[in-house]
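User: Could you take a close look at one part of this model for me? I'd like a connected walk-through rather than a list.

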Amino acid sequence: MNIAVLSGKGGTGKTFVSCNLASAIEKSAYIDCDVEEPNGHLFFKPTDVCSQKVCVKIPQILADRCNHCRKCVDFCHFNALAFIKEEPMLFRGVCHSCGGCKIVCPNQAVVEKDYSIGEIRTGKHRSIIVKTGIMNIGEESGVPIIRELIKNLPCKNNIIDCPPGSACTVMESIKEADYCVIVAEPSIFGVHNFQMVYKLVKILKKPFGIVINKVNDLNNPMQELCEKLQLPVLEQIPFACEIAAQNAAGNLVYETNQKAKEIFERLYAKISEVVK
Amino acid sequence: MKIAIPMEEKSINTNICVTFGRALFFLIFDTDTEEEKYIENPALSAQGGAGIKAAQAVIDAGVEAVILPRLGQNAAEVFQTGQIVLYKAEFGSAKHNIELLKECKLSKLTEFHSGFHGRGGR
């Protein structure tokens, strides 16, 4: 079973929920798709780490074969190519690696070369496989790294920690998900951010449930919304000082806090009831 | 010398368009013959890389200079490669700016933004 954990904004507790949920499941893997700032590894502190580069193809135009016909420039829908002073120019950040320029070139003047945009680190924490996607600073899109991460999901149960929001990186991250856990905060702001992701999982027809994180004694507009729309709330995690402190110290609360352990075991039990 | 100016309307008396890559037209003005011509911006509805495509079109029109209020990094790189002189537009019409250029009262555009990339820039 592949469980994606997502939220409308950063800081709701996606990584907190993902890491501890992965800890609560036997034969699980934790997949960090938040490639712009992956931080699940801080909790798992994985050992036996090996790294694999992620490359995209970018065109290289061979001057001695190019007859300046500009077919490649005209073809490129992303406008990644220009032709100035009889010389081709490539805007790498704009290129989507579609390979079209190579196909349309009548003189085989376009060759593709590998360009590294990041890496995937694979390690272990006890029996949990920890995979982390890391995008190089300055790159524009992490989608190729995420695509590589979810192409070969390693275990029977994979917890996919998504990037925040509802953009294309998130769509890519939940592609293989059998179930989505949406983490939301019990505030008006939390409701607003939740609705963006809610819309996304509905469009993609993914089964989902909600975890309301950092719940205190004050108003809970998130819970009110779920009641109104009859959405499944899987867990309400309390805004408890000891859980926050242990998490902030880089600990897996599943391992250090009995109450948290029960929360995540219950969460997994509820999900496995829905997804068989 | 031929120069280009991004425009919203095909009239030299109207204001210069604030964006370059998504301008509706480019005025191609010949300062020697006073001839004015308008070309459509082929990048107007591009999903990305509009500045690059627009800069290519302007260079292909054979200009030596461009007057514009601001420009993104990618388009600036195209112009620099093409050795096109970039002047910073003053508030007002294209005509007013052409006069300022003739009097050598326009300064060069030297700072470029990182681009709006589909997020609009108005």
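Analyst: Let's start with A:Phe83, whose bridge partner in β5(A) is A:Pro88. This is a predicted model, so please read what follows in that light. The pair belongs to a ladder in which 4 bridges join strand β4 (residues 81–84) of chain A to strand β5 (residues 87–90) of chain A, and the two strands run antiparallel. The hairpin they form has 2 residues between the strands, and A:Lys85 takes a positive phi there, near 55°.

Over in chain B, helices take the stage. The axes of helix α1 (residues 50–60) and helix α2 (residues 73–81) of chain B come within 7 Å and cross at roughly 25°. Because angles under 35 degrees count as roughly parallel, α1(B) is roughly parallel to α2(B). The crossing of α1(B) past α2(B) is right-handed. From α1(B), the contact draws on B:Gly51, B:Ile52, B:Ala54, B:Ala55 and B:Gln56, while α2(B) brings B:Asn74, B:Ala75, B:Val78 and B:Phe79. By class, the residues of this helix contact are 6 nonpolar and 3 polar, with no charged ones.

Both helices also have a part in how the chains meet. The contact between them takes 14 residues from chain B and 10 residues from chain A. On the side of chain B that touches chain A, α1 and α2 of chain B each supply at least two residues, and α1(B) gives the most, with 5 residues. That side of chain B has 6 nonpolar, 7 polar and 1 charged residues.

Terms used: Residues numbered from 1 in each chain as written. Chains lettered and ligands numbered in written order. Predicted model: local features only at pLDDT ≥ 70, side-chain atom pairs only at ≥ 80, totals over all residues. Axes fitted to C-alpha atoms, helices over the stretch in contact; angles between N-to-C directions. Parallel < 35°, antiparallel > 145°, perpendicular 65-115°, else oblique. Left-handed = near helix turned anticlockwise from the far one by under 90°. Contact = placed C-beta atoms within 7 Å. Nonpolar A, V, L, I, M, F, W, Y, C, P; charged D, E, K, R; others polar. Pairing = 2+ DSSP bridges.
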